[in-house]
Amino acid sequence: MNPIIKTINGPVVYAQNARNLKIREMVSVGNLKLIGEVISVEGDLATIQVYEDTSGLKVGEDIISTSMPLSVRLGPGLLGNMFDGIERPLKHIMDKHGAFIPSGIGFDNLDLEKEWDVKIKFKKGDKIRKADIYATIKETEVIEHRLMSSFDGEIIEAKEDGKYKLEDTILKVENDEGVYELKLYQYWPVRNPRPVKKALSLKNLLVTGQRVLDVFFPIAKGGTVAIPGGFGTGKTMLQHQLAQYSDVDIIVYIGCGERGNEMTQVLEEFPDLIDPNTGKDLMQRTILIANTSNMPVAAREASIYTGITIAEYYKDMGYDVALMADSTSRWAEALREISARLEEIPAEEGYPAYLASRLSKFYERAGYFENLNGTKGSVTLIGAVSPSGGDFSEPVTEATRRSVNVFLGLDRKLAYSRHYPAINWLTSYTNYLEKMQDYYKEHYNSDIISIRNKLMNVLISEEEVKSIMMLVGSDALSDEQKNILDVAALIRNGFLQQNAYNAVDKYVPVDKQIMMLDIIDKYNNLSEQALKDGISYKKIYNSDLLNEISQMKYNVENDKLEKLNQLGSKIENYFANLRG
């Protein structure tokens, strides 16, 4: 006898006659055939989380088992597409059903009719192992899709190169357990990390073209990043910058519980953005997952698992992938709502007690890996957090802080003063400084991290000087303290602040970043030495020179870095003349 619906409580359905259902099994719920997942079984009763709107369900309707966990179909056609939280294609749904997503439309997430030009790497009689790349497809102009085997065994049948649809069998593999077909796709349960051969040390910089990140708070490829900030501090804008300029192969962008107008902006802007790494439009290497605030709450909870599974799939092909989750606070709110409906004992601020462990498991899927097929790839996880009122002590921010290695705290005062990215250098941190120090020495022959640390101390000293100035006034400051304020202003305005709408400043190559910080450091060292040699601050201070240093980010084109060398010489000559 099939399980039947006993009780309906929003997205949570209780079933009876459910003794044969399994935990995490995907089921079809009711006459509407809604997609659900079994989350608990107790005796003859089961609790099912439904990923669609449950309006119209009735008590007594059948629940059908699929005998598989909640899974996504992985294959060509993912790139350039936009899906909901359980990987259903939103454009296809709109074309077929209109502006609203109907219930019970199933899982036809990839185009089954499109023919792909397939290059097959195995022939009859060859041995094949799990994760071996058995065929390649030119998915977009910039990305080659690599189909990977799900089985070990011997090839007993193989097709020739040609055009095939997703459901066409490319290879047949035989092993001791039977004969299996390899098509142009595979399924993978979203809550299970994909296996790897070995986790590797993080040693490469995620180049973003954003100075505050590449030098002051560097991110390693395969690293974990949190971007907390209150409303209006620029979280989404920063993630857009990272999506466009990060030197990764694939971008997975998850709009998790965000407002519909924000996702509309993403849809409108992304197709027009040009990837600086390839010169092609950004969507050719981007996958969008949208689960807006008015969509089913359970699907929002699943969306980050859908996104990370897709990211791991491309990582297994040997690609570097960056996943942007905007925002994990909305995901946590979905978790809280479902937990309340399940009548679980709430913890701090009503969130479930397992909030921290769920966040930790998500971020643990990041890393740089040697894959089972011998390729190497990485998944970098960048999660935005939206604390109410900008309070970083609330549970989601605190739990995230414990799970990540880079914490980029956005500051409302900086944002309102038009300092972007509004990353507060006093509350932010990165744990990758030591590894990136080796990276900069190897790739740029620069000890820029040591300079960064020295100038960070200047910014810390600036706060102390400002506190003194509030008490005694600026006239009472010593020459050394006044000079600290000048140098700190150069760091803040000339380096950390960046203009996303300026053609020169929106993306800055790393070699220019190094030279810019070297110039600020040069001014700092020479002015400090001049003060020690008895030259007064009034003689040292030169507003034109300070302004020229501050404006070098606009006035020096990215391909004309010799101008920075000329500016460095000008600073040296200026201080030499003071002694002259």
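Which residues are linked with R24 in a network of salt bridges? In this predicted model, the network joins R24 with E37, R191, E301 and R358. R24 itself lies in the loop between strand β2, residues 12-16, and strand β3, residues 25-29, and the backbone there takes a phi near 70 degrees, which is a positive value in a residue other than glycine. With a relative accessibility of 29%, R24 counts as partly exposed, because that value falls between the 20% below which a residue is buried and the 50% above which a residue is exposed.

The network belongs to a wider set, for a search of the whole structure finds 33 salt bridges. One of these pairs joins the side chains of E154 and K127, with 3.5 Å between N and O. The two residues come from distant parts of the chain, since E154 sits in strand β13 (residues 153-158) and K127 in strand β10 (residues 127-128), 27 residues apart. E154 is partly exposed, with a relative accessible area of 33%, while K127, at 62%, is exposed.

Another pair is found in a setting of helices, where R492 forms a salt bridge with E462 and the closest N and O atoms are 3.0 Å apart. This pair, too, links distant parts of the chain, with R492 in helix α12 (residues 479-496) and E462 in helix α11, 30 residues apart. Are R492 and E462 buried or exposed? Both R492 and E462 are buried. A further salt bridge brings together the side chains of E557 and K563, at 3.1 Å from N to O; here E557 is partly exposed at 26% relative accessibility, and K563 is likewise partly exposed, with a relative accessible area of 31%.

Helix α11, which carries E462, also leads to a contact between helices. The axes of α11 (residues 448-472) and α13 (residues 510-532) come within 10 Å of one another and cross at roughly 50 degrees, and this angle makes α11 oblique to α13. The crossing of these two helices is left-handed. On the α11 side the contact is made by I448, I451, R452, K454, L455 and V458, and on the α13 side by I514, L517, D518, I520, D521, N524 and N525. Sorted by character, the residues of this contact divide into seven nonpolar, two polar and four charged. The spacing of such positions along a helix can be read with a general rule in mind: an α-helix has 3.6 residues a turn, so residues three or four places apart point the same way.

Helix α3, residues 235-245, offers a view of a helix that is mostly covered, as ten of its eleven residues are buried. The buried residues are K235, T236, L238, Q239, H240, Q241, L242, A243, Q244 and Y245. What do the buried residues of α3 pack against? They pack against the helices α2 (211-216) and α4 (260-269), and against the strands β19 (224-228), β20 (250-256), β22 (320-326) and β24 (376-385).

Strand β22 also leads on to a detail of the backbone, because S327 is found in the loop between β22 and helix α6, residues 328-341. A cis peptide bond joins D326 and S327, with omega at about 5 degrees. A cis peptide bond also joins Y420 and P421, where omega is about -10 degrees, and P421 has its place in the loop between α9 (412-416) and β26 (429-430).

A positive phi, already met at R24, is found as well at E349, where phi is near 55 degrees in a residue other than glycine. E349 lies in the loop between α6 and α7, the latter spanning residues 355-363, and E349 is partly exposed, with a relative accessible area of 48%.

The last stop is L112, in the loop between helix α1 (90-97) and strand β9 (116-120). L112 is partly exposed, with a relative accessible area of 26%. Although L112 and K165 are 53 residues apart in sequence, their C-alpha atoms are 6.3 Å apart in space. Leaving aside neighbours within four places in sequence, L112 is in contact with R73, K165, L166 and E167.

Definitions and conventions
Residues numbered from 1 in each chain as written. Predicted model: local features only at pLDDT ≥ 70, side-chain atom pairs only at ≥ 80, totals over all residues. Heavy atoms only, no water. Axes fitted to C-alpha atoms, helices over the stretch in contact; angles between N-to-C directions. Helix = DSSP H or I, 4+ residues; strand = E, 2+ residues; numbered from the N terminus. Parallel < 35°, antiparallel > 145°, perpendicular 65-115°, else oblique. Left-handed = near helix turned anticlockwise from the far one by under 90°. Contact = heavy atoms within 4.5 Å. Nonpolar A, V, L, I, M, F, W, Y, C, P; charged D, E, K, R; others polar. Salt bridge = Lys/Arg side-chain N within 4 Å of Asp/Glu carboxyl O. Buried < 20%, exposed > 50% of the residue type's maximum accessible area, 1.4 Å probe, protein only.
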